[in-house]
Amino acid sequence: MPFPCGLLLSFWSPLGPARKTIQPLRWFFSRNLTLSSWKRIPDFNSFVARTNTCGELCSSHLGQEVTLCGWIQYRRQSLFLVLRDFHGLIQVVIPQDESAASVKKALCEAPMESVVQVTGTVISRPPGQENPKMPTGEIEIKVKSAEILNSCKKLPFEIKDFLKKTEALRMQYRYLDLRSFQMQHNLRLRSQMVMKMREFLCNLHGFVDVETPTLFKKTPGGAKEFVVPSREPGKFYSLPQSPQQFKQLLMVGGLDRYFQVARCFRDEGSKPDRQPEFTQIDIEMSFVDQAGIQKLIEGLLQFSWPKEKGHITTPFPSMSYSEALTSYGLDKPDTRFGMKILDVSDILKTTEIEFVQKALSEPQGAIKAICVPEGTEDVKLLSHLLEALSFGAPPHGGIALGLDRLICLITGAPSIRDVIAFPKSVRGHDLMSNAPDYLPPEELKPYHIQVQWPGNSEGEGTNS
């Protein structure tokens, strides 16, 4: 399958476009490097009290004594319950004999979603009671002992994927929503993809993972930035929209190949399906041209793409900058809808509208649907970067993949909020913690800030 969305590339060279053919990127490590972290089955039971996870048990475990930990998802009368952890479900038989009365009492009286630890023997389900829809449907646990680790009070909603909940309710109780199998799947797939990307970039192609500052200065152009006050009167930090400047400075510093799972911040107000803080797979490398960056990204996504999502074909569809602007009016079009800009000059050539006729009378004059205005930037804000580029900067290029959007496309999630552990609302609010929140006057005083409340006249501000 082709990659479903376009990529925005950046390339800088002090000598203009590269004239030599860039050789294919070579591995800094042996091609026979053992990828131990991906060939070995993870040990989910190391360092903890359980011997197994609920979802891993099968007929090969028959007769074994196991200890499981999880949440009570379902209970039928006083006969059995279904225990759930991140790995799956298992049916647990509640003992009925008098000698196990205390165990029965604990398991029967514990509210749903209480956290329990049970120890018992893996046995086959009685004939006719198997559940083929359940991965562990051929077995069950005959309990010997049980402990209620933490009781659960009444929930605002049931932890079941098929039950519809409003997004506001899910975000308010995000720690409960995270228990759902869909959220567990999304976050674990995200983690696996990031690890594979690290494997490809750092282990196979010699990239260096560098953390860049979060507190920085205002950057011209782009989205609005979040401002952070300092203790020096009138001076503020800005949270970076991206590590763009830092990664170019790293190239000037001779690092050669940089990579970061970068947190970025943009104050974009109430734009739908955007987050004020988000994650990018940020990349920069020296002595490369645009074709080299494209090959790198194709290899990166092929290597990290989940097997269950099918194979992606390369090379990815591409278009020139000029073609993108001519056809779509911007440099990163969403091509899924085929909504290209059309030349309507022939339709309007017979109209009597003066400015239309004047435009069409010009050499190569045309009437199209979209006009992209140009902005201006204060180059003084970039003086440190411009100075650095004058000190023997190598030609370099880079790219930043929006990780949240990428995982959203792969999982088919309806919103990027469904692939982020603790997202913000459309208004940029954390409905779980009620952030942003007010600060008392004594905490604002060291930062020389006074709040001007809406409705107050100029000069009547107060921070109380």
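Student: How many cavities of 30 Å³ or more does a search of the whole structure find?

Tutor: The search finds 1, with a volume of about 40 Å³. This is a predicted model, where local features need pLDDT of at least 70 and side-chain atom pairs count only at pLDDT 80 or more, while totals for chains, interfaces and linings use all residues. Residues are numbered from 1 along each chain as its sequence is written, and side-chain values use heavy atoms, with hydrogens and water left out.

Student: What makes this space a cavity, and which residues line the largest cavity?

Tutor: On a 1 Å grid over the protein atoms alone, a cavity is a set of points where a 1.4 Å probe fits but cannot get out. The volume is the space filled by probe spheres set on those points, which are joined across faces, edges and corners. Lining residues have an atom within 4 Å of a point; here they are Met171, Arg174, Phe422, Pro423, Asp430, Leu431 and Met432.

Student: Why is strand β11 called largely enclosed?

Tutor: Buried means under 20% relative accessible area, with exposed over 50% and partly exposed in between (1.4 Å probe, protein chains only). In β11 (residues 277–286), 9 of the 10 residues are buried, so the strand is largely enclosed by the rest of the structure. Strands here are DSSP runs (E, at least two residues), as are helices (H or I, at least four), numbered from the N terminus.

Student: How do you know that β11 pairs with β10 and β12?

Tutor: Pairing needs at least two DSSP bridges between the strands. β10 (residues 257–265) and β11 have 9, in the antiparallel sense, and one of the bridges has isoleucine 283 of β11 as the partner of phenylalanine 259. β11 and β12 (residues 396–402) have 7, also antiparallel, with isoleucine 281 partnered by leucine 401 in β12. Both pairs therefore meet the definition of at least two bridges.

Student: What makes the set of residues around Ile283 a nonpolar core?

Tutor: Such a core is a set of buried Ala, Val, Leu, Ile, Met, Phe, Trp, Tyr and Cys residues joined through side-chain atoms within 4.5 Å. The largest one has 33 residues, and Ile283 is among those with the most contacts inside it, along with Leu201, Ile297, Leu300 and Leu301. Elements giving two or more residues include β11, β12 and α7 (290–304), and α5 contributes the largest share, 8 residues.

Student: Which strands close into a barrel?

Tutor: The order is β2-β3-β4-β6-β5, with mixed pairing. Within it, 10 bridges join β5 (residues 115–124) to β6 (residues 139–150), which run antiparallel.

How values were computed. On a 1 Å grid over the protein atoms alone, a cavity is a set of points where a 1.4 Å probe fits but cannot get out, and a pocket is an open set with protein on both sides within 12 Å along at least five of seven lines; lining residues have an atom within 4 Å of a point.
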